[in-house]
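Dear colleague,

I am handing over the structure we spoke about, and below it you will find a written account of what came out of going through it. Please read the account with the structure open beside you.

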Amino acid sequence: MLGVIGGSGLYEVDGVEVLEEVEVKTPWGEPSDKYILTQIEGKKVVFLPRHGRGHKFPPHLINFRANLWGFRKLGVNKILSVSAVGGINPLLKAGDFVLSNQFLDFTKSRQSTFYEGIYSKFDEEDTKNDLVNQYLKDKRVVHIDVSEPFCPQLQKSLQNTLGKLGYNYLSNATYAATEGPRLETAAEIKALSTLGADIVGMTLVPEIVLARELAMHFVSLSVVTNLAAGISKDRLTSDEVIEMMKQRNEDLKEVILDFAKNLPDTYSCECEKVLEGAAI
Ligand code: HPA
């Protein structure tokens, strides 16, 4: 089943039938909000607003572990993560769509693993007999491979959707994840650019890492809401971020709907195997 993490409002769309809203409890605490269970052409899709409805949680205080575990409990094994980012690559302008295939992690204070060795928690309500539960139960230490953190098949699918609908996008981008909630200095953006970052945002990490720890397929669709600090001539504001996400909302809905309808049936990527041999 597909899970979509994004801004609120994305599920209020023609063609999306809302079945119910569910609250999920996890040993890692509360997810950002209730999950919205929907049906798109007979396929179930679960939505979650990353920051909670009303944007309650700043990026560094989002309970990413609870969010991802909640998806797992509902049967989600593929994630489409929608986010706002600043543009660093000179080819980018505000409003552009970007698909990443790498990340650089500059976050500082986040819980970025489920596998905490002797401190590991276990969800008694989750009866799946898989490596995730085995590793948690056995209190193993796990180092997952993130050489290619994004699902190549979902990336291809998303590219097909964007191409078919006539949208321009930059693909194979590197997303630099910063801690926030402050924006970056011009010097930080210059440094990130030198390191190869195309875009900058505050939410991809640890979201993608935790999804991968649960052996899920993960793809990210970013909207450039502003040019990053020092590239933009103007002071950056949250107003422009919100305004640009609003402007692209209808397009995002169109993309999500088409993507959800055309998910691959089978997967030959490594995403589901990433836990094999990963524990000590
Ligand atoms: N920096 C970090 N995160 C962001 C930005 C930015 O410029 N724009 C939207 N999210």
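**The shell around the ligand**

Three strands, β5 (78-87), β8 (199-201) and β9 (217-227), each supply at least two residues of the shell around the ligand. Please keep in mind throughout that this is a predicted model, and that the distances and areas quoted here are computed from it. Among the three strands, β5 gives the most to the shell, with three residues. The complete set of residues around the ligand is Ala84, Val85, Gly86, Leu183, Glu184, Val200, Gly201, Met202, Thr225 and Asn226. Sorted by character, the shell holds five nonpolar residues, four polar ones and one charged one.

Three of the distances from this shell to the ligand involve nitrogen atoms of the ligand, and I list them here for checking against the display:

- A polar side-chain atom of Asn226 lies 2.7 Å from a nitrogen atom of the ligand.
- An N or O atom in the side chain of Glu184 is 2.8 Å from a nitrogen atom of the ligand.
- For Ala84 the backbone takes part, with one of its polar atoms 3.3 Å from a nitrogen atom of the ligand.

As for cover, the ligand on its own has 260 Å² of accessible area, and the protein covers 93% of that.

**Aromatic pairs**

A search of the whole structure finds seven aromatic pairs, of which I describe two. In one of them, the ring centres of Trp28 and Phe114 are 5.0 Å apart and the planes stand at 80°, so this pair is edge-to-face. The pair links distant parts of the chain, since Trp28 belongs to the loop between β2 (17-22) and β3 (35-40) whereas Phe114 belongs to the loop between β6 (97-106) and α2 (131-137), 86 residues apart. Trp28 has a relative accessible area of 6% and is therefore buried, and Phe114, at 0%, counts as buried too.

The other pair is formed by Phe97 and Tyr167, again edge-to-face, with 5.5 Å from centre to centre and 85° between the planes. Phe97 lies in strand β6 and Tyr167 in the loop between α3 (152-164) and β7 (169-178), so this pair ties together parts that are 70 residues apart in sequence. Both Phe97 and Tyr167 are buried.

Two further details belong with these rings. Trp28 and Phe114 form one aromatic cluster together with Trp69, while the face of Phe97 has Arg248 lying over it, at 4.2 Å from the ring centre.

**Asn101 and helix α5**

Strand β6 also contains Asn101, whose side chain is joined to that of Asn172 by a polar contact of 3.4 Å. Asn101 has a relative accessible area of 19%, and because the cut-off for buried is under 20%, Asn101 counts as buried.

Which residues of α5 are buried? The helix, residues 204-213, is mostly covered, with 10 of its 10 residues buried. They are Leu204, Val205, Pro206, Glu207, Ile208, Val209, Leu210, Ala211, Arg212 and Glu213, so that charged side chains such as those of Glu207 and Arg212 are on the list as well. Just after α5, Ala215 takes a positive phi of about 60°.

With best regards

How values were computed:
Residues are numbered from 1 along each chain as its sequence is written. Side-chain values use heavy atoms; hydrogens and water are left out. A residue is near a molecule or strand if one of its heavy atoms lies within 4 Å of it. A polar contact is a pair of N or O atoms within 3.5 Å; within protein, one must be able to donate a hydrogen and the other to accept it, and residues adjacent in sequence count only if both atoms are side-chain atoms. Accessible areas come from the Shrake-Rupley method with a 1.4 Å probe; for residues, only the protein chains shown count as cover. Helices (H or I, at least four residues) and strands (E, at least two) are DSSP runs, numbered from the N terminus. Rings of Phe, Tyr and Trp (its six-membered ring) pair if their centres lie within 6.5 Å; planes under 30 degrees apart count as stacked, over 60 as edge-to-face and the rest as tilted. Buried means under 20% relative accessible area, exposed over 50%, partly exposed in between (1.4 Å probe, protein chains only). A charge sits over a ring if NZ of Lys or CZ of Arg is within 6 Å of the ring centre and within 35 degrees of the ring normal.
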